[in-house]
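Student: Could you take me through one part of this structure up close? I'm new to it, so please spell out the terms as you go.

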Amino acid sequence: MANLLRILLAILLPPVGVFFTVGLGGQFWLNILLTILGYIPGIVHAVWIIARRAR
């Protein structure tokens with residue numbers, strides 16, 4: 001259930017979803033950069049990070 005909420009949050013604000021998953025690490029800053037460059041790449045990266053950590 002928590003992952004579903006993170007994914008929904010990642011669709012609305014991708015960096016926040018990544019932050020709740022990995023904290024203030026490199027993946028968070030990469031996601032901010034991807035979101036600035038294009039909203040869709042930020043979403044794809046955030047969902048990928050959340051899904052990868054769910055295993």
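Tutor: Let's start with the whole chain and then zoom in on one residue, Thr-35. This is a predicted model, where local features need pLDDT of at least 70, side-chain atom pairs count only at pLDDT 80 or more, and totals for chains, interfaces and linings use all residues. Residues are numbered from 1 along each chain as its sequence is written, and side-chain values use heavy atoms, with hydrogens and water left out.

The protein chain has four helices and zero strands, these being DSSP runs numbered from the N terminus (helices: H or I, at least four residues; strands: E, at least two). Buried residues make up 31% of its 55 residues.

Now for our residue: Thr-35 sits in helix H3, which covers residues 26–37. Thr-35 counts as buried because its relative accessibility is 19%, and buried means under 20% relative accessible area, exposed over 50%, partly exposed in between (1.4 Å probe, protein chains only).

What does the side chain of Thr-35 have beside it? One of its polar atoms lies 2.8 Å from the backbone oxygen of Asn-31. If you set aside neighbours within four places in sequence, Thr-35 is in contact with Pro-14, Pro-15 and Gly-42, where contact means heavy atoms within 4.5 Å.

Pro-14 turns up again elsewhere: with Val-16, Gly-17, Phe-20 and Thr-21 in H2, it meets Arg-6, Leu-9, Ala-10 and Leu-12 in H1.

Technical notes. A polar contact is a pair of N or O atoms within 3.5 Å; within protein, one must be able to donate a hydrogen and the other to accept it, and residues adjacent in sequence count only if both atoms are side-chain atoms.
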